[in-house]
Amino acid sequence: MFELWFWLVAAMFALYVLTDGYDLGAGALHLLVARHDTERRTVIATIGPYWDANEVWLIAAGGSLFVAFPRVLAAGLSGFYLAIFIILWCLALRAIAIEFRSHLREPLWRAFWDAAFAVASALLALLFGVALGNVIRGVPLTPDGWFKLTLFTDFRPHDPAGILDWYTLLAGVFALVALAAHGAAFLAWHSGGVVADRARRLQVLLHALLLALWPLATVATMAVNPSLLAALPGRPLAWIAAVLAAAGLIAALWAGPRRRAAMAFLGSAAFLGGMLVSTAACLFPVLLRALPDPARSITAYAGGATAQGLRTALGWWAIGIPIAILWFVILHLLHRGRVEAKAETTGPY
Amino acid sequence: MDPAFWHRVQFAFTATYHYLFPQLTMGLALVIVVMKTLGLRRGGDGWNRAAAFWTRIFGINFALGVVTGIPLEFQFGTNWGGLARYSGNVIGQTLAMEGVFAFFLESSFLALLVYGERRVGRIGHWLAAVALWAGSWLSGYFIVATNAFLQHPVGYAVAPDGSLQLASLGALLTSAWAVTQYAHTMLAAVVTGAFAVAAVGAYYTLRRIHADAARRFLAVALPVGFVAALLVAFPTGDRQAKLVAAHQPAALAAMEGRFETGPYAEITMIGQPNVAQRRIDNPIRVPGMLSFLAYGAFDLTVRGLADFPEDTWPDNIELLYYTFHIMVGLGTLLLSVMALTLLLHVRGRLVTNRPALWVLMLAFPFPYIANAAGWITAELGRQPWVVYGLLRTRDAASPLVHPGSALFSLIGFCGLYLALGLLFVLMVVREILHGPDAAAEGRGHV
């Protein structure tokens with residue numbers, strides 16, 4: 001039951017990255033792929049029907065973490081206190097930017113919200129990468145299972161650690177590039193006209209950059225958390241997922257220049273999913289690694305729920321998630337096809 | 001000072017502010033379904049246009065609800081780590097279920113409802129309205145069920161490490177407290193929605209613009225608002241008070257400012273609680289009513305606060321007393337306003353009765369105040385417990401988060417929410433000034 005919930009929660013966070021990842025990435029590239037008002041409305045209209053549902057995966061994944069591993073949620077959110085509020089404020093600003101940007105025709109109003117959308121999206125992608133970097137590196141857990149991290153110390157990934165150090169920043173940049181590539185792949189697939197063309201070129205460029213960053217990030221990860229390297233030989237799932245990630249990256253690089261946009265997006269998704277699954281397989285069963293004493297780490301077996309409590313949760317989860325996926329499929333069928341805003345339009349965005 | 005103090009202020013502020021939006025969302029969702037249904041059955045374009053107008057307001061309001069709601073979910077971990085660790089396996093269930101069962105449904109069909117009529121036709125669009133209504137009301141259920149567990153814990157087991165684990169999902173979701181509080185809360189949200197719709201209808205009527213839309217707004221809002229305002233008081237409010245009397249007797253005593261125990265307990269209509277002297281100053285009372293309302297007979301004993309150890313008294317008796325009385329007083333007033341204007345409307349005299357229209361136009365803030373006062377009553381009445389009888393609020397905060405950090409994030413929220421509030425008012429006033437006919441001319445949000 002504990003193993004199952006480890007993977008259910010991991011899968012939900014991965015789904016969050018795959019779905020909200022593309023609209024965060026599209027936001028990060030907003031000012032690059034779209035220069036004029038019409039083009040910018042194209043970007044926002046392309047992600048418009050989806051971004052809200054995508055963000056629900058964060059709520060659903062966080063809620064599942066709350067149910068299954070309350071000690072991890074309590075320690076994690078309180079330990080990163082101020083950083084969490086930066087994330088919350090960015091999420092708020094971004095949502096308002098998407099929804100209110102096109103309500104007024106005033107050009108400065110729109111310019112302001114375009115910039116807010118881009119900056120908040122990029123910062124969120126970066127911070128989610130930093131968060132994953134912190135989980136991989138570890139946090140200074142007390143014997144009672146709490147921690148408190150300052151924003152930064154000396155930028156070295158050792159005790160006394162800060163939220164930002166060279167490793168977590170590298171993870172953040174990696175996440176920003178990966179999600180931007182994912183967003184570009186989505187725009188190349190679902191938007192139209194010059195925006196789609198620019199997005200396609202950026203997608204190839206960013207995936208190529210990712211190919212260069214990947215070995216660097218892998219070596220850094222193994223150096224910062226040697227237990228991952230030690231675990232690797234015994235974790236076939238990690239290998240399979242890594243191969244999937246590599247295949248996805250190659251597919252994205254191959255399909256992009258050939259205008260096979262759907263395949264490039266799926267390749268990008270396979271890359272992100274493969275990376276996350278492979279990381280989770282190496283981390284298992286540790287959910288929150290302790291520094292400097294890994295023996296204090298919180299594992300899936302001591303996350304704060306009992307097997308009975310987890311079984312009860314599985315009952316509704318097994319009903320609710322298929323329904324959620326059904327809504328997701330209907331949503332995508334209803335809004336299928338390319339989106340391109342016109343200069344004078346009565347559209348929503 | 002109580003180490004949880006700033007955490008409490010922040011949660012109270014962000015939750016009260018957040019609830020300004022969902023109460024209108026949930027109320028309007030029902031009004032929109034009624035309008036879309038009338039449009040489907042009676043044909044023509046009038047009802048659809050009225051529904052489209054309120055759907056635009058709904059969309060703006062919904063965005064603010066999402067934006068201010070996400071921080072609440074996170075604060076269970078950031079600020080209330082002790083509570084999260086102690087009861088996460090129980091309250092996490094309902095919060096996660098809200099995401100899975102309600103938010104996916106709402107977020108998947110919102111864009112369709114707000115912008116998609118041409119895409120799916122009339123029946124499809126009506127279904128989208130029903131989906132939004134179902135999603136928003138389901139969401140309310142999971143939140144109320146979470147709160148009901150904190151008020152009256154049921155369906156749990158205690159794990160070897162002392163934490164709470166969910167033993168019965170059925171018991172958690174169908175507890176008498178959850179069902180009653182849900183009905184009371186939803187009806188109060190409908191009252192807010194009805195007053196908002198009526199206020200715009202009254203404004204257009206007074207200004208002699210958009211007469212057709214104004215007539216439709218009033219025709220739906222007045223009966224819906226009257227029935228909801230009636231049901232808020234009886235039976236749901238009455239049932240809720242009886243549950244408080246049965247399970248939180250100290251809270252009931254504090255809500256009424258009652259210190260002495262005895263039969264024929266009187267209800268205090270007006271008066272100021274004087275906790276130091278343990279009495280109500282300048283009271284106007286109705287003898288025996290509290291015994292009757294709480295337990296069903298005038299001669300039954302109602303326990304006063306003196307009967308309970310002082311460390312189990314709610315820690316802000318004055319505020320609790322006032323918010324409870326404001327809720328009840330406003331509830332009564334709002335019911336009267338709806339009853340009188342509905343009577344005028346049925347007789348066809350409302351459109352010419354300018355004083356009544358003025359009252360209706362200016363009454364819309366008061367349901368918000370009544371809703372907030374009701375929630376403050378519920379949350380203060382539960383004190384000093386965060387999980388009633390099981391975990392004290394002062395033990396529920398995150399142990400390593402300094403109160404200064406909580407104050408800092410609170411100040412951040414004050415600034416952000418001021419800006420969001422200004423934006424909200426700007427957007428909504430703009431829609432109201434544009435009026436319901438704008439959509440028919442093909443004006444979207446370009």
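Pro292(A) is found in the loop that connects β3 and β4 (298–299) of chain A. The peptide bond leading into this proline, from Leu291(A) to Pro292(A), is cis in the predicted model, with omega near -10°. A second cis peptide bond joins Phe284(A) and Pro285(A), and omega there is about 0°. Pro285(A) belongs to the loop between α12 (261–283) and β3 (286–288) of chain A. Strand β3 of chain A thus has a loop with a cis bond before it and another after it.

A further backbone feature of chain A is found at Arg259(A), which has a positive phi of about 60° although it is not a glycine. Arg259(A) is placed in the loop between α11 (236–255) and α12 of chain A.

These local features belong to a chain whose overall form can be described briefly. Chain A contains 13 helices and four strands. Its C-alpha trace spans about 60 × 40 × 35 Å along the principal axes. For 349 residues, a compact globule would have a radius of gyration near 20 Å, and the 20 Å of chain A agrees with this.

Attention now turns to the partner chain and to the way its helices pack. Two packed helices are described by the angle between their axes and the distance between the axes. In chain B, helix α1 (residues 5–42) and helix α2 have axes that come within 7 Å and cross at roughly 155°. Because angles over 145 degrees count as roughly antiparallel, α1(B) and α2(B) are roughly antiparallel to each other. The crossing of α1(B) and α2(B) is left-handed. By class, the residues of the contact between α1(B) and α2(B) comprise 21 nonpolar, 11 polar and two charged.

A second pair in chain B is formed by α3(B) and helix α4 (residues 117–151), which pack at an angle of about 160° with their axes 8 Å apart. That angle makes α3(B) roughly antiparallel to α4(B). The crossing of α3(B) and α4(B) is also left-handed. In the contact of α3(B) with α4(B) there are 23 nonpolar, five polar and two charged residues.

Which elements of chain B supply the side that touches chain A? The contact as a whole takes 59 residues from chain A and 56 residues from chain B. On the side of chain B, at least two residues each come from α2 (46–78), α3 (81–115), β2 (164–166) and α13 (403–434). Of the elements of chain B, α3(B) gives the most to this side, with 23 residues. Helix α3(B) therefore takes part both in the packing with α4(B) and in the contact with chain A. The residues of chain B that touch chain A divide into 33 nonpolar, 19 polar and four charged.

The confidence values complete the description. The predictor gives the complex an ipTM of 0.93 and a pTM of 0.94. Chain B has a mean pLDDT of 93, and 98% of its residues reach 70 or more. Over residues 440–446 of chain B, however, pLDDT stays under 50. For this stretch, the model has 14 contacts beyond four places in sequence.

Terms used
Residues are numbered from 1 along each chain as its sequence is written. Chains are lettered from A and ligands numbered from 1 in the order in which they are written. This is a predicted model: local features need pLDDT of at least 70, side-chain atom pairs count only at pLDDT 80 or more; totals for chains, interfaces and linings use all residues. Two residues are in contact if their C-beta atoms, placed from the backbone, lie within 7 Å. Ala, Val, Leu, Ile, Met, Phe, Trp, Tyr, Cys and Pro count as nonpolar, Asp, Glu, Lys and Arg as charged, and the others, Gly among them, as polar. Axes are lines fitted to C-alpha atoms, for helices over the stretch in contact, and angles run from 0 to 180 degrees between N-to-C directions. Angles under 35 degrees count as roughly parallel, over 145 as roughly antiparallel, 65 to 115 as roughly perpendicular and the rest as oblique. A crossing is left-handed if the near helix is turned anticlockwise from the far one by less than a right angle, and right-handed if clockwise. pLDDT is the predictor's confidence in each residue, from 0 to 100. The radius of gyration is taken over C-alpha atoms; the globule rule is 2.2 Å times the number of residues to the power 0.38.
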